[in-house]
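The following questions and answers concern a multi-chain structure and are meant to be read beside its sequence and coordinates.

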Amino acid sequence: METEVKEAQGKIISAENPDIVAPADWQPVIMGILCNWCSYAGSDLTGTSRIQYPPNIRIIRVPCSSRVDPWFIIKSLQTTADGVLISGCHPGDCHYISGNYFARRRFLVTKKLLNFVGYHENRVQFSWVSAAEGPKFAKVVAKVTEDIKKLGPLHRYKKENF
Amino acid sequence: MNKLTYFPGCSAHGTSEEFDHTLKLVMKTLDVQMEEIPDWNCCGATSAHVMTENLALALPMRNLVLAEKLENKTMGIACASCYSRMKGTKKHLDENPEQAKRINSTVIDEGEYQGTVEIKSMLQYCFEEIGLETIKSKVTKSLSGLKVACYYGCLLTRPKDVTQFDSPEYPMSMDLLMEALGAKAMEFDFKTECCGASFSISNTEVVESLTGKILEVAKESGAHLIVVACPLCQSNLDMRQPDIEKHSGKKLDIPVMYFTQLMALAFGYPEKELRLPKHIVPVEAALKHIGDPVPEPEKVKKTKKAVEAESEVE
Amino acid sequence: MITLGLLEKNTFLEAVNKKSGANVLECYQCGKCVSTCPVSSYMDFPPREIMQMIKLGLKEESYMANSMWFCLTCSACSGRCPREIDIPAVMEAIRHLAIEENYRSENKKVKDIRKFHDIFLDMIKRYGRNYELRMMAEFNIRTRNLFKDMHLAPKALLKGKIPIGHESTKSAKAIQRMFKLAGKLEKEKR
Amino acid sequence: MARVGVFVCYCGANIADFIDVPAVVEEAKKIKEVKISVLYKYMCSDPGQGMIRDAIVQNRLTSVVVAACSPRMHEKTFRKALSDAGMNPYMLEVANIREHSSWVHQKDKKAATEKANDLIRMAIAKSIANEQLHEISVPVTKRALVIGGGIAGIQAALDIADARIPVTLVEKSPSIGGRMAQLDETFPTLDCSQCILTPKMVDVASHPYIELIPYSEVIELDGYVGNYKAKIKKKASYVDFSSCTGCGACTQKCPVKVPNEFNMNIDKRKAIYTPFPQAVPNKPVIDATHCTMLLKGKCGICAKVCEKGSINFKMVDEVIEREVGAVVIATGYDLWDPKPYEEYGVGRYKDIITSLEFERMVSASGPTNGVPIRPSDGKVPKNVVFIKCIGSRDEAKGIEYCSKICCMYTAKHAILLHHKVHDSHAYIFYMDIRAAGKGYEEFVKRAQVETAATYLRGRVSKIYKKGDKLMVRGEDAQIGQVVEVEADLVVLATAVIAPKDNPSLARLLGVSYDKYGYMSEAHPKLRPVETAKAGIFLAGCTQAPKDIPDTVAQASACAAKVCGLFAGDTLKKDPMVSTINNEFCSGCQNCVKVCPYQAIVTEEIPLGHGSKELRTVAKINEGVCQGCGSCVAICRSMAINLAGFTDPQIINEIVAI
Amino acid sequence: MDHSKQIQDIASKLFAENKIDYFVGYRQNAIDDSQVPYLISDPAEIPRLVFTDRSVFNLANYLKPEHTRRKRVGLVVKGCDSRALNLMLTESQVKRENVYIIGICCEGVLNEKGEKAQNCIECVMPDAVVYDEMIGTPTGKREYIVNADIKELATIALEKRADYFEDIFSNCIRCNACRHSCPLCYCAKCCIDQETSTLYHGANTSSGAMHALMTWSLHLAGRCVDCRNCEKACPSHLPLHLLHKQNESVIYENFQQHLAGMEKDDRGAFYKYSLSDPDDFIL
């Protein structure tokens, strides 16, 4: 289900809807849902280490990646976000023992389903970032932002808003 | 019948003709058809990489490109130096595709580099592809009684991430191969110490000191001869021996043979096929030890109980 | 005495790291490489000291050292290095940089080694393959040491160790072209 | 109608330099629920908190948003300000505009400001959906479980028990004592390890508040802080400890000899054995993997010679349960296997031994009666080479970290060698000498001067055999020369590593561990003895390599923590737990399945009002619930919600931008 | 495939032995040759019970909690139906002692066009997995086939696929027939109807439908047994199986070939995990 990202001269074309074109300096909004113990702490460390990353992400704190109900993702894509990043503890490191393992299964199925119904697979991304991985968090955000910038604005299902 | 693309290297057609010759005999017995890369060139060892990076990559690359045109995709290399240069180059090119493209432009007449050939040293090929069992089955004249010290040199097993073969510190593949032929491989601590091959002409003083130490330790191990898998190792250890003896005043007199020579011998080829006169240090006396009585391994007293998880009963 | 100023930007270190792909800063001076190296006793500065010199940005001193010319690239040091630094690559990087920047050591041994390598490459350039006797002879001529190893030659020749005739690749032209293009690449890089 | 107050913090220059704070304040005012939006230099300071308190009262606020640093930093501070003003503290939301905006977007003030605006909008939207929550209090079981009977476990158990709190001490092996019991003398004072340790071991055995359970393991831990339930497997010892007098007749007569792990396999023990003469409890156990009676049904000599009839070959493993309020983990350390050092010929040369083997040899009660010998020929060595950092500080072959104790014990070994073999000489290859500690540098000096040990700075590169000597080659960087030492014996100071069972134990206990297998503390500096799981503490090398003084100090710190935890009759707990709405619960019980804490059970409730018929619904034990939200996300009918992170709160955040 | 006679006999026997209060089976539709579910409490109506390859509906849907709490029910289940029933038993929605299960070794049923239905062609388990009495000869578990439609959809361009699904979602009229026809949608109150969520799930628009159907399919992921009751119930004839089959194939491929309702006490793929689950999609 890989789909090529289209590029046009100086413009960004929406991956899901070629009719939608955004200017080259278009900035996406990315919803970041982070678990409190690893990734949120990791993102705090990014801050305390003053590691710079793109400002497009908006962060929501949840106790554990297993708290993330797939409909948060769907809702984000339908309303405010052009992409979603969900981050939790590395496998084996979950503060709640096994939460991220359950979450991992849901994430995979959700990601594939969203791709199946017509969202580019890079719209929704996941990462494991530990509390010590400040630099990794910055890297992940930079990568996700860049990926989503290439995909252009997400327009589908948004016209009616909600 | 197995097919093998063969890169002999400059020495095979020069100083180490006996290696090349016995290798071909052995491979015939083992039912491997060797196909020499047509119009191969020197891999650049040991000078190209010293002086220039691009040439050091371009020379092996031409050979790789030529080899890719052949049907068989496994390449066997006789000389350890060539092996190291070629395999190292391939690894470097595969990891840096951009540079590979750039270097490819210098040999573009020969074709495009694909990176499809798998490179093995001849020792590695015997050990991994043919297998000790097959080799054992071809032995018609066991070498029992012969004590050997296996010398691998630096480049057969090093660097580990390039060669991906055996231990870089205490390899055992050649030892096991020799045991398969019936010989006894001695414990030898200087298996992978460098002999200084690249200085064999330009800096003989260094070479003499390095090889001297290796020969001394080999001698001390009780071996009748040293077994090698590289022409440079062989010529260094063999040719320099009289000089070392003269300078140090110590008698060494330990012949240096290729593993293929011993394989050929064990496979039943007559001694004259081994091209023994080419050795500076005479080999014949050492080979007389073949057939020496081998002391029986000490019998374990309570065989059955000894097996039982180290415990013993009074 | 060496006076160390403010090391604002250690360009030498950067150049070595870039060329070698190693990170010299990882070296913690344990000295395992020195006792591993078969030729460290012949070097002006053994590998450990070279690493420190790079860290200090001592470019000229490093270029004029004989260490990298003595390095046999046997990889024993890198195999044992607890920080897994590719020391031969570092040595090679300094050597290439020294050649590129035209530093020439006056050390006799270094000159010999360089000469040998020049002859070797010349041989490949001419014939595509290498021919040992001719090389040995040429080396002796160029180093004005006509009789070096001559005591070995008759024995070796007699025993057929070193054959008299020699062969070359058919497409010597291709090799020459390769040399030319590779040389061009080398220049472009600079 | 919600009335929200927004309080934006400058954080000195930390926020103000990179975010247009006044604009942010104005932006917040545009939201209709926002009744007051102000800024201040340091919101967390007393005047800052005062501002919040005053605004709450004056503006009759229903929720408060503080835009400042990470909530992980000052959430508690601001919650306290809220409750001081008479407001429910959980009506607070923190917008993290420092770590998440000003500090990470320092080159783009406009974007950072926009992001701060959004983060504040999200916090406001969330706070509107906040509910009033109240702290939960749970009862405490005043008994501690100590896992591991080394010096750490012994010290922790004794200190806790001295406070008249019952302790259950579980030890894996037949005797307590741990690694320290194997040591001969200890640095830096060279007092005999046995002499200072054994009295403490005896104290443990006789303490009225300590229950010692040797030869057993913790196999399960349920529950939560103050209310843990541990299952302990008592391995079958085949000896009835209650009747056994420890006379030792059985061990003398047993015909089966087995390598003695207490002596690093240098000598043999019997299949029925006490690990060492001063063992506590001093009762033998039968090693079932070697006893011929248990394996083949032959022998039984021990049973015949036992006058008390204490031998019972039919004994089986037994699982017992203990309710405890707190757990101390003190599982100690293992030593790294130096096999990867092929260049030294480890495994090929018998005369290369590890430091603990040397320790046992020089121990007066050890297998060689205190005299070091060469394992190859039994001769007493003269030239002994000690090599430090074997596996330590070696990313390529071992581990990255410094094992901390090797510099000191190697100095000790040099001194001990000199004591035992007067005409010997010690060569020590080292990289650095790390002797930071009270009396440590002086101790090293003693080794260097009094014992005249030769310190050579460099890592050894090769060991090879020459005759019956081992040639040890390394650089001495001081003189810049490669040296070779002719050694009779080589002692490798192998690295300290985490016990290999640590990860599985950590998973079983629900605490986290690092990449080396050491248990992770809650905070490396400020909470070094606690784990992230409340009520579970760490003592000794289970957390990181430590020497004996540090281990004992940490063990006592654990005891203080346990006593503090047990000071009151109940514990206070965050109210961020799951709650179930029975109306929507269909009783599928999938939540029971995903809960990692077994906090969800089922209950029967009437089908309707006054109905006699019952239906099954899930029920959450809020004392056990840790608030992960796993159950919330999998509940299809949305019958479960997590206080503080409810669906409306999170969705409000999502749609607020 | 005609098991009408056997079913009638069993029903008679059950009523005669007073083992059940109700029997749920199929009867012929009066207007065409299709069949409808048929719930009887009077043995006199037994002769109207039929079972042929037109018996398409999943009768497990008739066993929502209130049914078996008080009454004992006899029930006919095909392979797929029985897997749904299995899950309902695991999820404590049905009292096993109050249900008498007549399992069919199904040979496949027909679609409206009279051809063998797609889910029967791709069926992995035609035999009932839970039953008190079995009719027919078991043929055993079959190899898993990835649904032909999703395979085809996966090959077309992303924006085309997006168009296709937007079409589907905009045709949804939010009548919730799919949900009501699903035996596994037994929630006391569906999340989509709840006050907190109605705010966000949206109105009767393609966006709202998309959200509702996606959420619904994710709630059935790892549980859906591909009986296609929902599709049969949908008045807009939406290809709802696409969403379910997509999830099923991802789960089968990645999570130890998990299939819903095959085993007793298996709760579905989202209620367990394996340490070796795919991790490569996570940064």
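Q: Is the crossing of α12(D) and α13(D) left-handed or right-handed?
A: In this predicted model, local features need pLDDT of at least 70 and side-chain atom pairs count only at pLDDT 80 or more, while totals for chains, interfaces and linings use all residues. Residues are numbered from 1 along each chain as its sequence is written, and chains are lettered from A and ligands numbered from 1 in the order in which they are written. A crossing is left-handed if the near helix is turned anticlockwise from the far one by less than a right angle, and right-handed if clockwise. For α12(D) and α13(D), the crossing is left-handed.

Q: At roughly what angle do the axes of α12(D) and α13(D) cross?
A: Axes are lines fitted to C-alpha atoms, for helices over the stretch in contact, and angles run from 0 to 180 degrees between N-to-C directions. Helices (H or I, at least four residues) and strands (E, at least two) are DSSP runs, numbered from the N terminus. The axes of α12 (residues 355–362) and α13 of chain D come within 11 Å, and they cross at roughly 35°.

Q: Which residues of α13(D) make the contact with α12(D)?
A: Two residues are in contact if their C-beta atoms, placed from the backbone, lie within 7 Å. From α12(D) come Ser355(D), Phe358(D) and Val362(D). Their partners in α13(D) are Tyr409(D), His413(D), Leu416(D) and Lys420(D).

Q: Why are the buried residues of α14(D) on the same side?
A: A residue is buried if 20 or more other C-beta atoms lie within 10 Å of its own, exposed if 12 or fewer, and partly exposed in between, with C-beta atoms placed from the backbone. In α14 (residues 440–449) of chain D, Phe443(D), Val444(D) and Ala447(D) are buried. They lie on the same side of α14(D) because the directions from the helix axis to their C-beta atoms cover an arc of only 100°.

Q: Against which helix do the buried residues of α14(D) pack?
A: The face of α14(D) turned away from the buried side carries the exposed residues Glu442(D), Lys445(D) and Val449(D). The buried residues of α14(D) pack against α13 (406–420) of chain D.

Q: What percentage of the residues in chain D are buried?
A: Chain D has 19 helices and 34 strands. Of its 657 residues, the buried part is 54%.
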